[in-house]
Amino acid sequence: MPLADIKERIASACKTSNRLPEDVALVAVSKFQPAEKIEALLKAGHRVFGENRVQEAEDKWPPLRGKYPDAQLHFLGHLQTNKAGEAVALFDVIETVDSEKLATALKKEMDRQNRPLPCFIQVNTGDEPQKGGVAPQNLAALYRFCKEEAGLNVQGLMCIPPVDEIPDLHFALLHKYAQELEVRNLSMGMSEDFESAIRYGATHIRVGTALFGIRENDIAL
Ligand SMILES: *Cc1c(COP(=O)(O)O)cnc(C)c1O
């Protein structure tokens, strides 16, 4: 689906909930997408992208950033502390902080590289054992640690609802947590449900397949 159509759908969802389209950032999730497809979006003027693997982003993005230095890359995947340095060097926003250990490693690298990046805390709203994100009952403590101990710039919360559940409850929960902590940004909503996420206050939606088509790894599966 072309970029213009997605923007149209964002505008219409914003209208329904009395919000401004400029308050909803579209993060184009380009994982497993070839560089040609990414470059087509860059040529169309889009600048905000998301990837979930450090190695893949290191392979694909340096040439694209060379041509489009104002492109902004969000990290959306599980981050191992030993990859914190590479992630800080390549990405502009880290959306998936979920432990004190990772927060500490990221801050150390940000200081070392003099790149103080905005971060989101990923919340495991569905309490799924296999999923990244801090458990809801530990969110407040982690948020306090990130801000007060580690000194990270935490700008928002992020969640990936369980695939087999209606996402609205999770969007509502994330919204409530953000209000309680007084954080501004909410990264939630993907191809199938971004309009609903916008109704619950998403400031960042992460859209992959609806923009780029089916992923190369999905075809292989
Ligand atoms: C892949 C991915 C997306 C995009 O999913 P689509 O269903 O393709 O829109 C969003 N967020 C995260 C964290 C992802 O890994």
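**Exercise 1.** How many residues surround the ligand, and which are the closest?

*Solution.* The model is predicted, with local features requiring pLDDT of at least 70 and side-chain atom pairs pLDDT 80 or more, while totals for chains, interfaces and linings use all residues. Residues are numbered from 1 along each chain as its sequence is written, and side-chain values use heavy atoms, without hydrogens and water. Counting residues with a heavy atom within 4 Å, 13 surround the ligand. The closest are Lys-31, Ser-191, Gly-208, Thr-209 and Arg-215.

**Exercise 2.** Identify polar contacts of the ligand (pairs of N or O atoms within 3.5 Å).

*Solution.* First, a ligand nitrogen lies 2.9 Å from a side-chain N or O atom of Arg-206. Next, a ligand oxygen is 2.7 Å from a polar backbone atom of Gly-208. Finally, Arg-215 places a polar side-chain atom 2.7 Å from a ligand oxygen.

**Exercise 3.** State which residues Ile-94 contacts (heavy atoms within 4.5 Å), beyond neighbours within four places in sequence.

*Solution.* These residues are Phe-75, Leu-79, Ala-87, Leu-106, Leu-117, Pro-118, Cys-119 and Phe-120.

Conventions: A polar contact is a pair of N or O atoms within 3.5 Å; within protein, one must be able to donate a hydrogen and the other to accept it, and residues adjacent in sequence count only if both atoms are side-chain atoms.
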